[in-house]
Amino acid sequence: MTTDRPLVLVVEDEDSIRDVIVDVLEDRGYRVVAVANGAEALGVLDSVQPQVMVLDLLMPVMHGWQFMESYLEKTGGAPIPIVVVSVNPALPRSFDRFGVREVVAKPFDIDALVAAVENAASTLSA
């Protein structure tokens, strides 16, 4: 695994989906930190600085919408490129203010998810 690849924070409550995303991204050389909900993600942000996030919206404890609001408050509005995975791919354009780069519909195609993460990561050097 190379260390020059971006660190990806995966926020997904379903264990099997989270495990697949982690395995696929790690196989592609990404460094990955994975958590089960938005509250855990906020806690992780105290110790790691991901360059890209993969974020589910419908989760227990703290869902993706709440996480994005809290994240912007915590960071002072410095959004990390976010790839949203959701059963509802028709999301509002206001997502731009959160740093959402793409929405991948669940159930998702692995290649589509990887392409979305690659696209989000490519904005880092732009």
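In this predicted model, the side chains of Arg18 and Asp15 meet in a salt bridge, with N and O 2.5 Å apart. Both residues belong to helix H1, where they are 3 residues apart, or about one helical turn. An α-helix has 3.6 residues a turn, so residues three or four places apart point the same way. The two partners sit in unlike surroundings: Arg18 is buried, with a relative accessible area of 13%, whereas Asp15 counts as partly exposed at 47%.

The pair is part of a wider set, as a search of the whole structure finds 6 salt bridges. Side chains of opposite charge can pair when their charged atoms come close. Another such contact joins Lys74 and Asp46, at 2.7 Å from N to O. Lys74 lies in helix H3 and Asp46 in the loop between helix H2 and strand S3, so this salt bridge ties together parts that are 28 residues apart in sequence. Lys74 is partly exposed, with a relative accessible area of 40%, and Asp46 counts as exposed at 58%.

A further salt bridge links Lys106 with Asp56, their closest N and O atoms being 3.2 Å apart. Here the loop between S5 and H4, which holds Lys106, is tied to strand S3, which holds Asp56; the parts so joined are 50 residues apart in sequence. Both Lys106 and Asp56 are buried. Through shared partners, salt bridges join Glu12, Asp56 and Lys106 into one network. Lys106 also takes part in a backbone feature worth a look in the viewer: the peptide bond from Lys106 to Pro107 is cis, with omega near -10 degrees. Pro107 is placed in the loop between S5 and H4.

Turning to the fold as a whole, the chain contains 4 helices and 5 strands. Read from the N terminus, the elements follow the pattern β-α-β-α-β-α-β-β-α. Buried residues account for 47% of the 126 residues in the chain. Among contacts between residues at least 6 apart in sequence, 61% join residues at least 24 apart.

The strands form an open sheet of 5, in the order S2-S1-S3-S4-S5, with parallel pairing. Strands S2 (31-35) and S5 (100-105) stand at the edges; each has a single partner strand, so one side of each is left without a neighbour in the sheet. From one strand to the next, the twist averages 20 degrees. Strands of a sheet pair through backbone hydrogen bonds, either parallel or antiparallel. At the S5 edge, strand S4 (residues 82-86) pairs with S5 in the parallel sense over 5 bridges. Within this pairing, Ser86 has Ala105 of S5 as its bridge partner. Helix H4 (residues 110-122) packs on the sheet, where it touches S1, S3, S4 and S5, and its direction makes about 180 degrees with that of S5.

Helix H1 (residues 15-27), home to the Arg18 and Asp15 pair, lies across strands S1 (7-11), S2 and S3 (52-56) and runs at about 170 degrees to S2. Val22 is found in this helix and counts as buried at 14% relative accessibility. Neighbours within four places in sequence aside, Val22 is in contact with Val32 and Ala34. The C-alpha atoms of Val22 and Ala34 are 7.2 Å apart, while the two residues are 12 apart in sequence.

Helix H3, which supplies Lys74 to the salt bridge with Asp46, has 12 residues and reaches 16 Å from its first C-alpha to its last, close to the 16 Å expected at 1.5 Å a residue. Gly64, Phe67, Met68, Tyr71 and Leu72 are buried in H3. Seen down the helix axis, the buried residues fall within an arc of 130 degrees, so they line one face of H3. These buried residues pack against H2, S3, S4 and S5. Just after H3, Gly76 takes a positive phi of about 75 degrees.

Methods
Residues are numbered from 1 along each chain as its sequence is written. This is a predicted model: local features need pLDDT of at least 70, side-chain atom pairs count only at pLDDT 80 or more; totals for chains, interfaces and linings use all residues. Side-chain values use heavy atoms; hydrogens and water are left out. Two strands pair if DSSP finds at least two bridges between them. Helices (H or I, at least four residues) and strands (E, at least two) are DSSP runs, numbered from the N terminus. Axes are lines fitted to C-alpha atoms, for helices over the stretch in contact, and angles run from 0 to 180 degrees between N-to-C directions. Contact means heavy atoms within 4.5 Å. A salt bridge is a side-chain nitrogen of Lys or Arg within 4 Å of a carboxyl oxygen of Asp or Glu. Buried means under 20% relative accessible area, exposed over 50%, partly exposed in between (1.4 Å probe, protein chains only). The expected span of a helix is 1.5 Å times one less than its number of residues. The arc is that of the directions from the helix axis to the C-beta atoms.
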